[in-house]
Amino acid sequence: PDGTIRLYGTTQIGKNIGIVVGESRDGITFDVRGTAFEVAGENALDSITYQFGDQWHILTLANDNIENMFYGTSSDGLKFTYKERVNFRADNRPYAPSNGFAVSNGYRMYAFTIPDIRSFISTDGKTWKIEDGVRLAFDPKNPLESEFVKDAAVVKLANGSYFMVYATKLK
């Protein structure tokens with residue numbers, strides 16, 4: 001609300017990998033505020049941080065594995081407490097969450113596994129249910145995609161439509 005921009009990054013914290021948080025007023029220069037999330041004796045990396053109601057939530061890869069994500073909460077978005085492992089599954093396959101946003105009935109999270117991107121919905125910020133349909137599937141006929149689609153970022157535009165950017169390996 002005050003215009004501060006937060007950036008969460010993966011870095012070495014002691015012997016393990018964890019998440020630090022930085023803040024900025026201009027979006028260019030960030031001051032590191034400290035360790036935002038770590039799990040003792042484990043590597044927590046590639047975070048997704050979101051606010052749902054008055055609670056902040058964080059998801060990270062657990063030791064570079066999408067089978068079970070580390071999940072934590074925070075009251076201020078600066079220091080998170082590890083709660084448990086969670087997962088995103090559809091059709092007996094694990095999905096890695098990459099981006100989400102609030103919707104009228106909860107929070108929508110986009111997640112990927114090779115070869116597609118799906119969406120999940122939550123009404124509490126912690127428990128996720130797969131939504132029907134594939135949001136984007138790898139298309140071997142697409143002249144720009146050679147192996148996969150992943151890491152989707154989606155925004156809702158002013159006209160009500162959605163815009164997705166994603167990573168792929170170029171042909």
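In the hairpin formed by strand 4 and strand 5, two residues lie between the strands, and Gly53 adopts a positive phi near 65°. The model in which this turn appears is a predicted one. On either side of the turn, strand 4 (residues 44–52) and strand 5 (residues 55–62) pair in the antiparallel sense, and seven bridges connect them. One residue pair helps to locate this ladder: the bridge partner of Tyr50 is His57, in strand 5.

Strand 5 also takes part in a further pairing. Six bridges join strand 5 to strand 6 (residues 69–74), and these two strands run antiparallel. Here Trp56 stands opposite Ser74, a residue of strand 6. These pairings belong to an open sheet of four strands in the order 4-5-6-7, with antiparallel pairing. Strand 4 and strand 7 (81–86) stand at the edges of this sheet with a single partner strand each, so one side of each has no neighbour in the sheet. Between neighbouring strands of the sheet the average turn is 25°, direction ignored. When following the strands by eye, the reader may find a general rule useful. In a regular strand, side chains alternate between the two faces of the sheet.

A second open sheet is built from three strands in the order 1-2-3, again with antiparallel pairing. Its edge strands are strand 1 (5–13) and strand 3 (31–37), each of which pairs on one side only. Neighbouring strands of this sheet are turned by 35° against each other on average, direction ignored. Strand 1 and strand 2 pair in the antiparallel sense over nine bridges. Within this ladder, Thr11 has Gly18 of strand 2 as its bridge partner.

Strand 2 (residues 16–24) also holds Glu23, a residue that merits separate attention. The relative accessible area of Glu23 is 17%, and the residue therefore counts as buried, the limit being under 20%. Its side chain has charged partners to hand in the form of two arginines. A polar contact of 2.8 Å joins the side chains of Glu23 and Arg6, and another, of 2.5 Å, links the side chain of Glu23 to that of Arg33. Leaving aside residues up to four places away in sequence, Glu23 touches Thr4, Ile5, Arg6, Thr29, Phe30, Asp31, Arg33 and Leu78.A further hairpin lies later in the chain, where two residues join strand 10 to strand 11. Strand 10 and strand 11 (residues 106–113) pair in the antiparallel sense over seven bridges, and the bridge partner of Ala102 is Tyr107, in strand 11. How many of the eight residues of strand 10 (residues 96–103) are buried? Six of them are, so strand 10 is largely enclosed by the rest of the structure.

Another glutamate, Glu131, is placed in the loop between strand 13 (129–130) and strand 14 (136–137). Is Glu131 buried or exposed? Its relative accessible area is 15%, which lies under the 20% limit, and Glu131 is therefore buried. The side chain of Glu131 makes a polar contact of 2.7 Å with the side chain of Arg108. Arg108 also appears among the residues that Glu131 touches, together with Arg118, Ser119, Phe120 and Ile121, when residues up to four places away in sequence are not counted.

These local features can now be set within the whole protein. The protein contains 16 strands and zero helices. Its radius of gyration is 17 Å, whereas a compact globule of 171 residues would have a value near 16 Å; the two agree. Taken along the principal axes, the C-alpha atoms fill a box of roughly 45 × 40 × 35 Å.

Burial and contacts complete the description. Of the 171 residues, 40% count as buried; Glu23 and Glu131 are buried residues discussed above. Among contacts between residues at least 6 apart in sequence, 34% join residues at least 24 apart. The accessible surface of the protein comes to about 9,500 Å², and carbon and sulfur atoms account for 50% of that area.

Technical notes
Residues are numbered from 1 along each chain as its sequence is written. This is a predicted model: local features need pLDDT of at least 70, side-chain atom pairs count only at pLDDT 80 or more; totals for chains, interfaces and linings use all residues. Side-chain values use heavy atoms; hydrogens and water are left out. Buried means under 20% relative accessible area, exposed over 50%, partly exposed in between (1.4 Å probe, protein chains only). A polar contact is a pair of N or O atoms within 3.5 Å; within protein, one must be able to donate a hydrogen and the other to accept it, and residues adjacent in sequence count only if both atoms are side-chain atoms. Contact means heavy atoms within 4.5 Å. Two strands pair if DSSP finds at least two bridges between them. The radius of gyration is taken over C-alpha atoms; the globule rule is 2.2 Å times the number of residues to the power 0.38. Accessible areas come from the Shrake-Rupley method with a 1.4 Å probe; for residues, only the protein chains shown count as cover. Axes are lines fitted to C-alpha atoms, for helices over the stretch in contact, and angles run from 0 to 180 degrees between N-to-C directions.
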